[in-house]
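Hi,

Here is the structure I promised to pass along. Have a look at it first, and then read on for what turned up.

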Amino acid sequence: MSHLFPTYKRWEVEPVTASGTVVTDKEGREYLDFTSGIGVCNLGHRPKNVEEAIVDQLGRFWHVSNLFEQGIQEQAAKLLAEAAALDLVFFANSGAEANEAAIKLAKKATGKSKIITFNQSFHGRTFGAMAATGQEKIKQGFGPMLKEFVHLPFNDLKAFENEIEKDTAAVMLEIVQGEGGIHIAGQEFLHSIEKACKKYGALLIIDEIQTGIGRTAKPFAYQHFGIKPDIVTVAKGLGSGLPIGAVIGKSGLGEFFGAGSHGSTFGGNPVSVAAAIATMESVFQEDFLSEVTEKGVYMTQLAEKNLAGLESVNEIRGLGMMVGIEMNIDIQPILKKLRDKNLLVLPAGENVIRLLPPLTVSKEEIVKAIEILKETIKLHSVTAV
Ligand SMILES: *Cc1c(COP(=O)(O)O)cnc(C)c1O
């Protein structure tokens with residue numbers, strides 16, 4: 001029997017090695033990995049420069065605690081702050097922890113407690129982040145939930161304007177709802193939220209845990225929309241697979257996170273931080289990101305061209321290297337069939353097939369993946385009717 005709590009319904013694939021876009025299992029079968037470890041391995045599996053940075057840090061020190069000055073943390077914080085045009089960074093170990101820190105910071109800095117979040121959102125599994133999450137299935141059996149969070153329909157400006165008031169501490173949202181099914185925020189929606197936050201003294205928290213670190217072809221997805229958040233949270237892609245999360249905030253928030261106010265034993269672990277620095281040095285390059293833009297458009301257009309006309313496909317949505325194929329049939333059997341054909345993809349929302357290939361994916365790999373998707377979805381379209 002397995003001694004693991006059955007919190008995940010695990011796939012039949014057991015990797016032994018991975019490199020670039022390819023995961024190899026015990027039998028030597030090679031899978032095309034369009035999951036990137038759930039939006040984590042943005043540079044593919046084991047990118048050379050990140051591996052070298054990790055090995056180098058392993059030969060120096062692994063952990064000393066945050067009681068010590070660590071130049072490597074300053075270096076990583078500078079890269080994050082500059083990329084986000086913000087000032088201060090707190091390092092955590094995961095996305096949920098980054099969001100917890102952001103929620104605590106927003107409450108302390110504003111002296112208020114109401115936080116507006118949105119339906120279908122996903123912010124993590126800890127008690128605060130779970131309460132922030134706008135999906136009932138995540139909360140089932142764990143109630144009662146914290147009363148801080150109000151959930152509104154996503155992209156519904158009227159509902160938002162009716163809810164925000166002077167007692168609102170913060171508004172927290174994803175630019176592209178990832179787990180929720182690849183729903184992209186509208187330009188007007190975001191600009192109105194930014195304006196209302198200023199008017200009512202609420203902080204704008206953007207959860208970039210899935211969308212950040214180049215996933216949408218910008219360092220952070222909010223940069224497509226010209227808004228300026230007060231707090232940004234990141235995690236998944238930051239360490240290329242080593243666990244790390246971060247809160248990035250504006251300088252005025254510094255006084256509310258003084259010595260002793262918040263902390264983490266492992267947060268900012270030097271090995272993870274070394275991975276993060278090497279990752280950002282690769283991803284935050286203009287020519288790298290323009291290639292991601294081009295490949296993202298290519299992937300979305302190819303998906304449109306080959307899949308949008310199939311009877312079981314409702315809609316295709318995407319931004320950068322995040323593409324969702326919304327189906328009108330159960331996708332679980334399709335995901336299994338895709339694995340049988342050596343393609344790994346993710347579910348999202350109700351019936352959305354989510355593609356999160358590494359940003360380093362080749363056009364040939366994109367072509368191959370869409371081809372496999374087309375063949376597989378076609379068969380299911382026929383059997384569905
Ligand atoms: C994955 C995710 C989280 C949670 O991150 P963990 O590292 O699993 O705690 C939070 N927000 C978003 C948008 C995510 O995609």
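How many residues lie between β1 and β2 in their hairpin, and which residue in the turn has a positive phi? There are 2 residues between the strands, and Gly-20 is the one in the turn with the positive phi, at about 60°. Keep in mind while you look around that this is a predicted model.

Staying with that hairpin for a moment: β1 covers residues 15–19 and β2 covers residues 22–25, and the two run antiparallel with 4 bridges joining them. If you want to check the register, Ser-19 sits opposite Val-22, and Ala-18 has Val-23 as its bridge partner in β2.

β2 then goes on to a hairpin with β3. This one has 4 residues between the strands, and Gly-28 takes the positive phi here, near 85°. The pairing of β2 and β3 is again antiparallel, with 3 bridges. Val-22 turns up here too, standing opposite Leu-32 in β3.

Zooming out a bit, these strands belong to an open sheet of 4 strands, ordered β1-β2-β3-β15, with mixed pairing. β1 and β15 (343–344) are the edge strands, each pairing on one side only.

Now for the salt bridges. A search of the whole structure gives 14 of them. One involves Lys-26 and Glu-14, whose closest N and O atoms are 3.3 Å apart. Lys-26 is in the loop between β2 and β3 (30–33) while Glu-14 is in the segment before β1, so this pair ties together parts that are 12 residues apart in sequence.

On to the domains. The protein chain splits into domain 1, made of 15–33 + 286–384, and domain 2, which is 48–283. Their contact draws 20 residues from domain 1 and 21 residues from domain 2. Taken over C-alpha atoms, the two domain centres are 27 Å apart.

What does the interface look like in terms of area? Domain 1 and domain 2 bury about 1,600 Å² between them, and 65% of that is on carbon and sulfur atoms. On the domain 1 side, the residues that lose the most area to domain 2 are Leu-289, Leu-319 and Met-322, which together account for 39% of what that side buries.

There is some polar chemistry across the interface as well. The rule finds 1 salt bridge between the two domains, plus 7 residue pairs in polar contact. Several elements of domain 1 each bring at least two residues to the side that touches domain 2: α10 (286–307), β13 (313–319), β14 (322–327) and β17 (352–355). α10 gives the largest share, with 4 residues. Sorted by class, that side of domain 1 comes out at 13 nonpolar, 5 polar and 2 charged residues.

One more pair to click on: the side chains of Arg-354 and Glu-179 meet in a salt bridge, at 3.0 Å from N to O.

That's the tour. Shout if you'd like to go through any of it together.

Cheers

Technical notes:
Residues numbered from 1 in each chain as written. Predicted model: local features only at pLDDT ≥ 70, side-chain atom pairs only at ≥ 80, totals over all residues. Heavy atoms only, no water. Domains from an automatic or database assignment. Contact = heavy atoms within 4.5 Å. Buried area = accessible area lost by both parts, 1.4 Å probe. Salt bridge = Lys/Arg side-chain N within 4 Å of Asp/Glu carboxyl O. Polar contact = N/O pair within 3.5 Å; in protein donor to acceptor, adjacent residues only side chain to side chain. Nonpolar A, V, L, I, M, F, W, Y, C, P; charged D, E, K, R; others polar. Pairing = 2+ DSSP bridges.
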